[in-house]
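Here is a short report on the internal spaces of a protein model and on one of its helices. Keep the structure open while you read.

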Amino acid sequence: MAKLQWWQGAVIYQIYPRSFQDSNHDGIGDIPGIIAELDYIKGLGVDAIWVSPFFKSPMKDFGYDISDYRDIDPLFGTLADFDELIDKAHQRDIKIIIDQVLSHTSDQHAWFSESRVDKTNDKADWYVWADAKPDGTAPNNWLSIFGGPAWQWEPRRKQYYLHNFLTEQPDLNFHNPDVRQHVLDNVEFWLKKGVDGFRLDAINFCYHDAQLRDNPAKPVDKRQGRGFSEDNPYAFQYHYYNNTQPENLAFMAEIRALLDRYPGTVSLGEISSEDSLATMAEYTQGGNKLHMGYSFELLTKDYSAAYIRQTVQGLEKQMTEGWPCWAFSNHDVERVASRWAKNGVRSDAQVKMLTALLGSLRGSVCMYQGEELGLTEADVAFEDLQDPYGITFWPNFKGRDGCRTPHPWQHNAEFAGFSTQKPWLPVAKQHLSNSVDLQNADLNSCLNRYREFLHWRKNHQALIVGDIEFIDTPEPLLAFWRSTGDDTILCCFNLSEQSASLDLTTVSLTELADVSHHSGQLVKNQLNLPPFGCYFAKKHD
């Protein structure tokens, strides 16, 4: 392998700024709040932080609807605050990755305000506009992920515009070269400010089928989605034409060419397609597209050793040149401590095991704020919901607010030390017992074990950049080798709440005793793992 880059095998800590730390006591987290907690972040042992959108926005989708790509929304601070964040993070050897939402803007963006007026203005072709069918209905059958048709009528133009997400998030027309150039110019604005990379939101949605062909129907037994539920009409179609178009590959190359002019920067593409693993491989191959791919494949309710092995091996088989990035939680899905809880009961042992498992897979790792505390999904009452996605699909789907509630810093503070004012989402009462202050004082807490594991991981190059080879094991055991050069490490995990054992007669091992996550015992070549146990050992000849 060529000289390794900082992001290969890195642990990236995702911060959802609205909910991390509120510095000005308005109930909404902000950039100065992140700055105030940089020592906490550094202490976790992570390599970088990915900050979810903080750009100027009407906040219809809480920052993923951008009205100005080059400014900070006053809710989060100022450009000077952001400069300070980069400076102080870099002083601590923490890299900064920021979201870029390129496929669509807010309907309050100046480009759209001009584009929607008529068919002859300078921005007339900057968004996806189409005439109605003769009967006045939408141009085709494309649907929005957030519910209903993906087309909205604009009376001034007497045309429909495309929105793959909210009505207030019109899609840009990437078939227009002026659009592509202006989008790249906006990306470069942040590169000049010193960011270390970008997490590219819904990056396979940039292009649409220029012929506007209908998506074919999907049979009932095939309606499994990633990022949406089976009762969402979006699941009723194969999304062959409203995203993941062949033209997008050339745009990935343009993004890469721009980043290559800023050595050490990285692109991480969020990909959700009909075959996300294949698209991740395609978007990262050749050394001239994205550096890393990120998908929802391990952000589902599927939880078994077979499923995790099948997913990782499936990507390994296809991604021969790119670099994977894995996650168990993020700001769009139910927290893993609830989603994968056995019998619906959160377990400290399982939380610790999942930290070790995620950190042992080949690739880079994204860990979401609160994952280090083992936070469960919060139960947000309907009257407190903010997420338009959840409001639309209530009560079958309660939206994304349950994983976005404020970070609990102090168990006995009114708003858990997040703010002195009522937060934008309620603090979850069940999170108070998992607060930072309580876990700091408990050497065996999820937080302290998280720190210990990430710091221990840094001492084992095989776990950071080594190859991965799975071992045949029965459920609920997952086991694999990570190897680089002469260093080969066995990683074993019990995914269940029952004890399990594994015969290791055919291998010669030396237990890695310096890892606090050890909870297994090797007795006469039989590995005994307690519920949610894990075990690491070095192979020797």
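In this predicted model, the count comes to 2 cavities of 30 Å³ or more. The table sets them beside the second largest pocket.

| Space | Volume | Nonpolar lining residues | Polar lining residues | Charged lining residues |
|---|---|---|---|---|
| Largest cavity | about 110 Å³ | 7 residues | 3 residues | 2 residues |
| Second largest cavity | about 30 Å³ | 6 residues | 3 residues | 1 residue |
| Second largest pocket | about 520 Å³ | 7 residues | 10 residues | 6 residues |

**The cavities**

Start with the largest cavity. Its lining includes Phe-328, Ser-329, Arg-335, Val-336 and Ala-337. Val-351, Leu-354, Thr-355 and Leu-358 also line the largest cavity, as do Glu-371, Gly-374 and Leu-375. Helix H9 (336-339) and helix H10 (348-358) each supply at least two residues of this lining. Which helix gives the most to the lining of the largest cavity? H10 does, with 4 residues.

The second largest cavity is lined by another set. Val-128, Leu-162, Asn-164, Asp-171 and Leu-172 are among them. The run Phe-205, Cys-206, Tyr-207 and His-208 also takes part, and so does Asn-242.

**The second largest pocket**

The second largest pocket has 23 lining residues. Nearest its centre lie Gln-224, Ser-273, Glu-274, Asp-275 and Glu-297. Helix H7 (276-284) and helix H8 (305-318) are the elements that give two or more residues to the lining. H8 gives the most, with 4 residues.

**Helix H3**

Now turn to helix H3, residues 79-91. At 1.5 Å a residue, its 13 residues should span 18 Å. The C-alpha atoms at its ends are 18 Å apart, which agrees.

Which residues of H3 are buried? They are Asp-81, Phe-82, Leu-85, Ile-86 and Ala-89. These residues cover an arc of only 140 degrees around the axis, so they sit on the same side of H3. The general rule is that an α-helix has 3.6 residues a turn, so residues three or four places apart point the same way.

Several elements help cover the buried residues of H3. They include helix H1 (31-36), helix H2 (38-44) and helix H5 (177-192). Strand S4 (68-72) and strand S5 (95-101) are also included. The face of H3 turned away from the buried side carries the exposed residues Ala-80 and Gln-91. Just after H3, Asp-93 takes a positive phi of about 60 degrees.

How values were computed
Residues are numbered from 1 along each chain as its sequence is written. This is a predicted model: local features need pLDDT of at least 70, side-chain atom pairs count only at pLDDT 80 or more; totals for chains, interfaces and linings use all residues. Side-chain values use heavy atoms; hydrogens and water are left out. The expected span of a helix is 1.5 Å times one less than its number of residues. Buried means under 20% relative accessible area, exposed over 50%, partly exposed in between (1.4 Å probe, protein chains only). The arc is that of the directions from the helix axis to the C-beta atoms. Contact means heavy atoms within 4.5 Å. On a 1 Å grid over the protein atoms alone, a cavity is a set of points where a 1.4 Å probe fits but cannot get out, and a pocket is an open set with protein on both sides within 12 Å along at least five of seven lines; lining residues have an atom within 4 Å of a point. Grid points are joined across faces, edges and corners, and a volume is the space filled by probe spheres set on the points. Ala, Val, Leu, Ile, Met, Phe, Trp, Tyr, Cys and Pro count as nonpolar, Asp, Glu, Lys and Arg as charged, and the others, Gly among them, as polar.
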